Amino acid sequence: MSLTILKGTIVSAPAPGRLETTEGGYLIAEDGVIQGVFPVLPERYAGAAVEDHGEDLILQSFADL
């Protein structure tokens, strides 16, 4: 399993036509699939490597690999 955890200002679209911003949030992807955006790192990921991007914007996107 590959795990990616990004920390920064996350901009997400939880529903069509609706944007949300989570400052200092975490975007978590497992095997390239986004598991969610969280205001605090969930306990189950404690100790995992986090890529901290400070106040940079992180935008969710779709990719066809």
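Long-range contacts carry much of the contact map in this predicted model. Of the contacts in the protein chain with a separation of 6 or more, 45% join residues 24 or more positions apart. The chain holds four strands and zero helices. From the N terminus on, the order of elements is β-β-β-β. The radius of gyration is 12 Å, close to the 11 Å given by the globule rule for 65 residues, so the chain is as compact as a globular protein of that length. Along the principal axes, the C-alpha atoms fill a box of roughly 35 × 30 × 20 Å. Of the 65 residues, 28% count as buried. The exposed surface of the chain is about 4800 Å², and carbon and sulfur atoms supply 52% of that area.

The four strands form an open sheet in the order E3-E2-E1-E4. The pairing in this sheet is mixed. E3 (33-38) and E4 stand at the edges. Each of these has a single partner strand, so one side of each is left without a neighbour in the sheet. From one strand to the next, the twist averages 40°. Strands of a sheet pair through backbone hydrogen bonds, in either the parallel or the antiparallel sense.

Both senses occur around E1. Strand E1 (residues 3-15) runs antiparallel to strand E2 (residues 18-30), and 10 bridges join the two. The hairpin of E1 and E2 has two residues between the strands. Within this hairpin, Gly17 takes a positive phi near 80°. On its other pairing, E1 meets strand E4 (residues 51-59) in the parallel sense, over five bridges. Specific partners can be assigned in both pairings. Leu6 stands opposite Leu27 in E2. Ser12 has Glu20 in E2 as its bridge partner. For Lys7, the bridge partner in E4 is Asp52.

Three strand residues illustrate the packing. Leu6 is found in strand E1. Its relative accessibility is 17%, so Leu6 counts as buried. Beyond residues up to four places away in sequence, Leu6 touches Gly25, Tyr26, Leu27, Glu51, His53 and Ile58. Leu27 is thus listed among the contacts of Leu6 and also stands opposite Leu6 in the sheet. Gly47 lies 41 residues from Leu6 along the chain, and the C-alpha atoms of the two are separated by 14 Å.

Ser12 is also found in strand E1. With a relative accessibility of 9%, against a cut-off of 20%, Ser12 counts as buried. Setting aside neighbours within four places in sequence, Ser12 is in contact with Arg18, Leu19, Glu20, Val37 and Gln60. Among them is Glu20, the bridge partner of Ser12 in E2.

Thr22 lies in strand E2. A relative accessible area of 16% makes Thr22 buried. Its contacts, apart from neighbours within four places in sequence, are Gly8, Thr9, Ile10, Val37, Phe38 and Pro39. Val37 appears in the contact list of Thr22 and in that of Ser12.

Side chains of opposite charge can pair when their charged atoms come close. The count of salt bridges comes to two. One joins Arg18 and Glu20, with the closest N and O atoms 2.7 Å apart. Arg18 is partly exposed, at a relative accessible area of 42%. Glu20 is partly exposed as well, at 34%. Arg18 and Glu20 are both contacts of the buried Ser12.

The other salt bridge forms between the side chains of Glu30 and Arg44, at 3.2 Å from N to O. This pair links distant parts of the chain, 14 residues apart. Glu30 is in strand E2, whereas Arg44 is in the loop between E3 and E4. The two ends are unlike in accessibility. Glu30 is buried, with a relative accessible area of 12%. Arg44 counts as exposed, at 64% relative accessibility.

Note on methods:
Residues are numbered from 1 along each chain as its sequence is written. This is a predicted model: local features need pLDDT of at least 70, side-chain atom pairs count only at pLDDT 80 or more; totals for chains, interfaces and linings use all residues. Side-chain values use heavy atoms; hydrogens and water are left out. Two strands pair if DSSP finds at least two bridges between them. Axes are lines fitted to C-alpha atoms, for helices over the stretch in contact, and angles run from 0 to 180 degrees between N-to-C directions. Buried means under 20% relative accessible area, exposed over 50%, partly exposed in between (1.4 Å probe, protein chains only). Contact means heavy atoms within 4.5 Å. A salt bridge is a side-chain nitrogen of Lys or Arg within 4 Å of a carboxyl oxygen of Asp or Glu. The radius of gyration is taken over C-alpha atoms; the globule rule is 2.2 Å times the number of residues to the power 0.38. Accessible areas come from the Shrake-Rupley method with a 1.4 Å probe; for residues, only the protein chains shown count as cover.
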